[in-house]
Amino acid sequence: MGSVIDLFLPLSLAYIMFTIGTGLTFSEFRRIGSHPRDFAIGLICQIFLLPLVGFLVVVAWGASPEIAMGVMLIVAAPGGPTSNLFTRLSHGDVALSVSLTVVVSLLCVITIPHIVGFCYPFFFGDDALESISMGSLALRLLLMATLPVLLGMMFRQIAPQAAMRLEPWLLRGASMVFVIVIALAIYGQRENLPGFFAETGLLTLALNLIVICLAAIIGHLLASGPRQTVAITIECGIQNGTLAIALAVNLFDGGLYVIPAATYSLLMYVTLTAAMYYFRGWAKEPA
């Protein structure tokens, strides 16, 4: 069973990231120039605010090192594949959301090793990092996340009609794969799940709510309008749980490390669905 999961997780993640790529075009990079301030705010929130808030929350919570590192993996992950859909349904700025999704997904090969490199020695001791190769981690991220996104974008560029026809089916498949990944993560810890959920449920819920509120406040103060604030908030609130779980399994053989990603991935859809109804009334202009 373990070898099957070890093979399934990287492949499922690569499929999900490829699916993200098929919904993107290289013109997304040109769109950044049309709203540089909003893009910069969203990028800073995702790359710096999320890890900082996650770190402060787990330290203040007094979480165990394994749980704390699991939380850092989920906040280090880029936005999830459904963030663009939630932004559209919330009447947010879809172009901004898509731009943030593609850039942060491509940058994760750089950002995640830095976050792991700082947090792992902090939680486990200065010598602990010797057991993790940062070069190997970057290579895994390149193969599992960054490269599939680029391949999906190239497919969209070379065969746009085929990509658009396949996109709805790919998205349905990605949703099914995501559900399977979460189910496997929960099943692997089924005997200890009640205790783990009691430990991480409130922690990840609090983290998600804090992130959503902070992103909304920062967007309200600095972004160019409500629709841009909605996009930034949703991009920060939805994380790629599949990537976090895959990293937890690949780096730490799963265990406690996967629980925060699993609980966060479940709870974020509840909080963002509730927030969506508020956003729809707030950002009244169509996306």
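This report describes the helices, the enclosed cavity, a surface patch and several individual residues of a predicted model.

**Overall fold**

The protein chain contains 12 helices and 0 strands, and the order of its elements from the N terminus is accordingly written as α-α-α-α-α-α-α-α-α-α-α-α. Of the 287 residues in the protein chain, 55% are buried.

**The cavity**

The structure holds 1 cavity of 30 Å³ or more, and the space in the largest cavity comes to about 70 Å³. Its lining is made up of Q46, I47, L50, P51, V75, A76, A77, P78, V104, T111, I115 and Q239. Two or more of these lining residues come from each of the helices α3 (36-61), α4 (65-76) and α6 (94-124), and the greatest contribution is that of α3, which supplies 4 residues. In chemical terms, the lining of the largest cavity consists of 9 nonpolar residues and 3 polar residues, with no charged residue among them.

**The nonpolar surface patch**

On the surface, a nonpolar patch is formed by L139, L142, L143, L147, L151, M154 and I158, which together present about 650 Å² of accessible area. One of these patch residues, L142, has its place in helix α7, which covers residues 134-158. L142 counts as partly exposed because its relative accessibility is 35%, a value that falls between the limits of 20% for buried and 50% for exposed residues.

Another member of the patch, L143, also takes part in a pairing that is distant in sequence: L11 and L143 are 132 residues apart along the chain, yet their C-alpha atoms are 9.8 Å apart in space. L11 belongs to helix α1, which spans residues 2-22, and L11 counts as exposed because its relative accessibility is 53%.

**Pairs distant in sequence**

The pair of L11 and L143 is set out below beside two others, with the separation along the chain and the C-alpha to C-alpha distance for each.

| Pair | Separation in sequence | C-alpha to C-alpha distance |
|---|---|---|
| W61 and L203 | 142 residues | 7.5 Å |
| L11 and L143 | 132 residues | 9.8 Å |
| Y120 and M72 | 48 residues | 9.3 Å |

W61 is part of helix α3, the helix that gives the most residues to the lining of the largest cavity. With a relative accessibility of 42%, W61 counts as partly exposed, and the C-alpha atom of W61 is separated by 7.5 Å from that of L203.

Y120 is located in helix α6, which is also among the elements that give two or more residues to the cavity lining. Y120 counts as buried because its relative accessibility is 9%, a value under the 20% limit. The C-alpha atoms of Y120 and M72 are 9.3 Å apart, although 48 residues separate the two in sequence.

**A residue with positive phi**

H91 deserves a separate note on its backbone: the phi angle of H91 is positive, at about 65°, although H91 is not a glycine. H91 is placed in the loop between α5 (83-89) and α6. As for its surroundings, H91 counts as partly exposed because its relative accessibility is 22%, whereas Y120, at 9%, counts as buried.

Notes
Residues numbered from 1 in each chain as written. Predicted model: local features only at pLDDT ≥ 70, side-chain atom pairs only at ≥ 80, totals over all residues. Heavy atoms only, no water. 1 Å grid on protein atoms, 1.4 Å probe; cavity = no way out; pocket = protein on both sides within 12 Å on 5 of 7 lines; lining within 4 Å. Points joined across faces, edges and corners; volume = space filled by probe spheres on them. Nonpolar A, V, L, I, M, F, W, Y, C, P; charged D, E, K, R; others polar. Patch = residues over 30% accessible without salt bridge, like charges linked within 9 Å, V, L, I, M, F, W, Y side chains within 5 Å. Areas by Shrake-Rupley, 256 points an atom, 1.4 Å probe, with all protein chains shown as cover. Salt bridge = Lys/Arg side-chain N within 4 Å of Asp/Glu carboxyl O. Buried < 20%, exposed > 50% of the residue type's maximum accessible area, 1.4 Å probe, protein only.
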